[in-house]
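This report is meant to be read alongside the sequence and the three-dimensional structure. It takes the chains, their contact and some local details in turn.

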Amino acid sequence: MIDAIIPVIYVAAAVSFILALKWLSTVQTARRGVIVGVLGMALAVGGTLAKPEIVSYHWIAVAFVIGTIIGIPMAMMPMTAVPQRTALSHAFGALAAALVGTAEFYLRTPKIDVFTMAALALEVLLGFLTFTASLMAFGKLQEALPTRPITYRGQNVVNLALFGLAAVSGVVLVASPGRTWLFPVFGALALLFGVLLIIPIGGADMPTVISLLNSYAGLSACAMGFVLDNHLLIIAGALDGSSGLILSIIMCRAMNRSFTNVLFGAFGQVKHGAAAAEERIVRSATPEEAAPILANGGLVIVVPGYGMAVAQAQHKVRELFDTLTKLGVEVKFAIHPVAGRMPGHMNVLLAEADIPYDRLVEMDEINSDFGQADVALVIGANDVTNPAARHDAASPIYGMPILDVDKARTVMVVKRGMSPGFAGIDNELYYMDRTLMIFGDAKAVVGNLVKEIAASNGMH
Amino acid sequence: MASDFELSLFVFVLATFLGLEIIRRVSPLLHTPLMSLTNAISAIAVVGSILVTGRQETTLSTVLGTAAVTCSMINIVGGYLITYRMLKMFKKSGKGAR
């Protein structure tokens with residue numbers, strides 16, 4: 001009886017997951033999407049627990065309790081920590097798939113047919129490499145590991161050789177699953193490859209990498225579906241895999257780079273070129289000088305970047321937004337797809353600070369507005385505003401779509417100092433006549449701007 | 001076995017195309033919640049983990065399975081909760097702005 005109902009429950013779970021993602025298309029329906037997603041997962045778990053082949057619930061219950069105890073604090077992390085939290089959860093997801101694959105291998109060997117073993121090998125390979133790669137990404141985002149890319153001579157050869165070795169041992173296992181001694185070697189190679197894959201990748205490339213790992217984690221769950229002949233796993237895994245794929249394509253396009261370039265290109269070392277020799281003039285301003293320009297503007301476009309997140313300045317930015325709005329200044333936010341450390345990072349930070357989401361405008365839409373803007377206020381963004389991307393074919397970021405900040409009447413850049421961005425290149429925006437550099441910590445500078453504007457306009 | 005595999009492959013290909021079409025329509029505004037939601041959904045690996053644990057065939061499989069259920073549960077609980085938390089923050093002008 002129950003065997004006839006479980007497939008129906010699984011179908012309902014699959015439909016729920018599809019609806020959950022469909023409703024994420026707009027902010028209005030998104031919360032409904034989460035609820036239907038929870039429903040889908042409850043159906044999937046309930047249906048599985050009802051299977052007659054389950055003889056004991058003891059360890060399942062223990063794992064549920066531990067997982068919940070760890071899961072709740074992971075959901076309560078501040079929005080600034082969301083990129084590293086996401087990397088960590090990719091690691092957990094991938095590890096789960098890899099562990100199940102390992103268990104299934106030892107249960108079934110040597111009687112595994114070629115198709116199942118191929119899926120199992122893929123599940124374990126993707127699972128283990130995504131596990132260590134995500135942990136490395138977590139370490140870099142948490143800044144427990146150096147965020148600069150670590151490179152050495154022959155790195156790509158070593159990585160490719162290692163991957164080749166892992167692939168060969170996988171193929172041998174598919175051909176003769178009875179070679180149980182090879183399985184730990186295979187798993188170890190995958191784990192090691194995951195580590196080496198992320199070592200040469202810099203902080204600015206994290207949005208792409210995190211999306212790619214998202215995709216891999218989904219695909220390993222998908223491969224598990226092939227092993228277990230379970231279509232629900234295949235559907236959910238494929239949805240996750242395609243989501244990660246789309247996000248990484250969007251991120252790559254936003255940087256005008258290819259996958260291979262991100263993974264093997266080792267971007268972001270500081271270049272010691274001849275350009276550093278010439279002294280160029282920078283105009284700096286104090287918050288007192290900048291405040292009236294902002295207060296008298298008709299349209300101010302704020303360009304946030306990772307620096308805003310680092311300085312935790314988003315709440316001060318909200319105060320600035322409120323103050324200027326009260327004075328009748330229109331304030332918009334220009335969001336570059338790769339601003340921050342993961343897709344959409346700036347949006348959640350600004351939404352957390354209570355900035356209405358209809359003020360957050362994507363790059364393609366806002367670029368035509370810069371020409372009419374009185375002030376473009378750049379807070380902690382760098383490479384995504386560099387005009388060299390448009391015209392300097394020698395620049396490493398040439399061809400990357402940028403925010404046309406330089407077209408605004410006045411450009412203000414809030415920055416700690418003149419250090420280059422993650423691409424390691426100088427930003428010519430800083431040397432324009434219309435650019436005012438406001439040096440200092442973003443949180444302090446924006447706070448002072450708010451104070452100055454409020455004081456000179458009789459606000460409190 | 002081969003026909004089962006063939007069917008699975010069809011399901012995979014169709015689900016991938018469906019996924020690509022659906023995800024393409026997700027607002028860029030919501031890309032972070034999208035990632036945390038898909039992360040929670042890919043914790044569907046919990047199904048395989050529960051089966052391996054609950055069948056109690058060998059000590060090794062039970063231990064690995066329990067660890068896998070724990071990992072999946074972390075993502076289910078953490079993933080849905082944080083997605084909901086994020087989405088609650090998105091407010092329109094007038095409602096959210098003071």
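## Terms and model confidence

Helices, meaning H or I runs of at least four residues, and strands, meaning E runs of at least two, are taken from DSSP and numbered from the N terminus. With that numbering, A:Glu143 can be placed in the loop between α5 and α6 (155-175) of chain A.

The model is predicted, and it scores ipTM 0.94 and pTM 0.91. For chain A the mean pLDDT is 91, with 95% of its residues reaching 70 or more. A stretch of chain A where the pLDDT falls below 50 runs over residues 267-277, and in the model this stretch has 18 contacts beyond near neighbours in sequence. Chain B also has an average pLDDT of 91, and 93% of its residues score at least 70.

## Chain A as a whole

Chain A contains 17 helices and 6 strands. Its radius of gyration is 25 Å, close to the 23 Å that the globule rule gives for 460 residues, and chain A is therefore as compact as a globular protein of that length. Taken along the principal axes, the C-alpha atoms of chain A fill a box of roughly 75 × 50 × 35 Å.

Of the 460 residues in chain A, 54% are buried. Among the contacts in chain A with a separation of 6 or more, 79% are between residues that lie 24 or more positions apart.

## Chain B as a whole

Chain B has 4 helices and 0 strands, and read along the sequence it follows the pattern α-α-α-α. A compact globule of 98 residues would have a radius of gyration near 13 Å, whereas the value for chain B is 19 Å. The C-alpha trace of chain B spans about 60 × 30 × 10 Å along its principal axes.

Of the 98 residues of chain B, 61% count as buried, and 60% of the contacts in chain B with a separation of 6 or more are between residues 24 or more positions apart. Helix α2 (residues 31-41) of chain B is largely enclosed by the rest of the structure, because 11 of its 11 residues are buried. The buried residues of α2(B) include B:His31, B:Pro33, B:Met35, B:Asn39 and B:Ile41.

## Where the chains meet

The contact between the chains takes 98 residues from chain A and 84 residues from chain B. On the side of chain A that touches chain B, the elements that give two or more residues are α1 (2-22), α2 (27-49), α3 (58-75), α4 (82-108), α8 (206-228), α9 (231-254), α14 (345-352) and β3 (360-362) of chain A. Of these, α4(A) gives the most, with 16 residues. By class, this side of chain A has 60 nonpolar, 25 polar and 13 charged residues.

## A helix pair in chain A

Helix α11 (residues 287-295) of chain A packs against helix α17 (residues 442-456) of chain A at an angle of about 65°, and their axes are 8 Å apart. The crossing in which α11(A) passes α17(A) is right-handed.

Residues of α11(A), including A:Pro287, A:Ala291 and A:Leu294, meet residues of α17(A), including A:Val445, A:Leu449 and A:Ile453. The residues of this contact of α11(A) with α17(A) divide into 9 nonpolar, 2 polar and 2 charged.

## Local backbone details

Most residues other than glycine have a negative phi, and most peptide bonds are trans. In chain A, a cis peptide bond joins A:Thr109 and A:Pro110, with omega at about 0°, and A:Pro110 is found in the loop between α4 and α5 (114-141) of chain A. A:Glu143 has a positive phi, near 60°, and this residue counts as exposed because it has 11 C-beta neighbours inside 10 Å. A:Gln312 also has a positive phi, near 55°; this residue lies in the loop between α12 (306-310) and α13 (314-326) of chain A, and with 15 other C-beta atoms within 10 Å, A:Gln312 is partly exposed.

A further residue, A:Ala167, is located in helix α6 of chain A and counts as partly exposed, with 16 C-beta neighbours inside 10 Å. Although A:Ala167 and A:Leu122 are 45 residues apart along the chain, their C-alpha atoms are separated by 9.3 Å.

Notes. Residues numbered from 1 in each chain as written. Chains lettered and ligands numbered in written order. Predicted model: local features only at pLDDT ≥ 70, side-chain atom pairs only at ≥ 80, totals over all residues. Contact = placed C-beta atoms within 7 Å. Nonpolar A, V, L, I, M, F, W, Y, C, P; charged D, E, K, R; others polar. Rg over C-alpha atoms; globule rule 2.2 N^0.38 Å. Buried ≥ 20, exposed ≤ 12 C-beta atoms within 10 Å, placed from the backbone. pLDDT = per-residue confidence, 0-100. Axes fitted to C-alpha atoms, helices over the stretch in contact; angles between N-to-C directions. Left-handed = near helix turned anticlockwise from the far one by under 90°.
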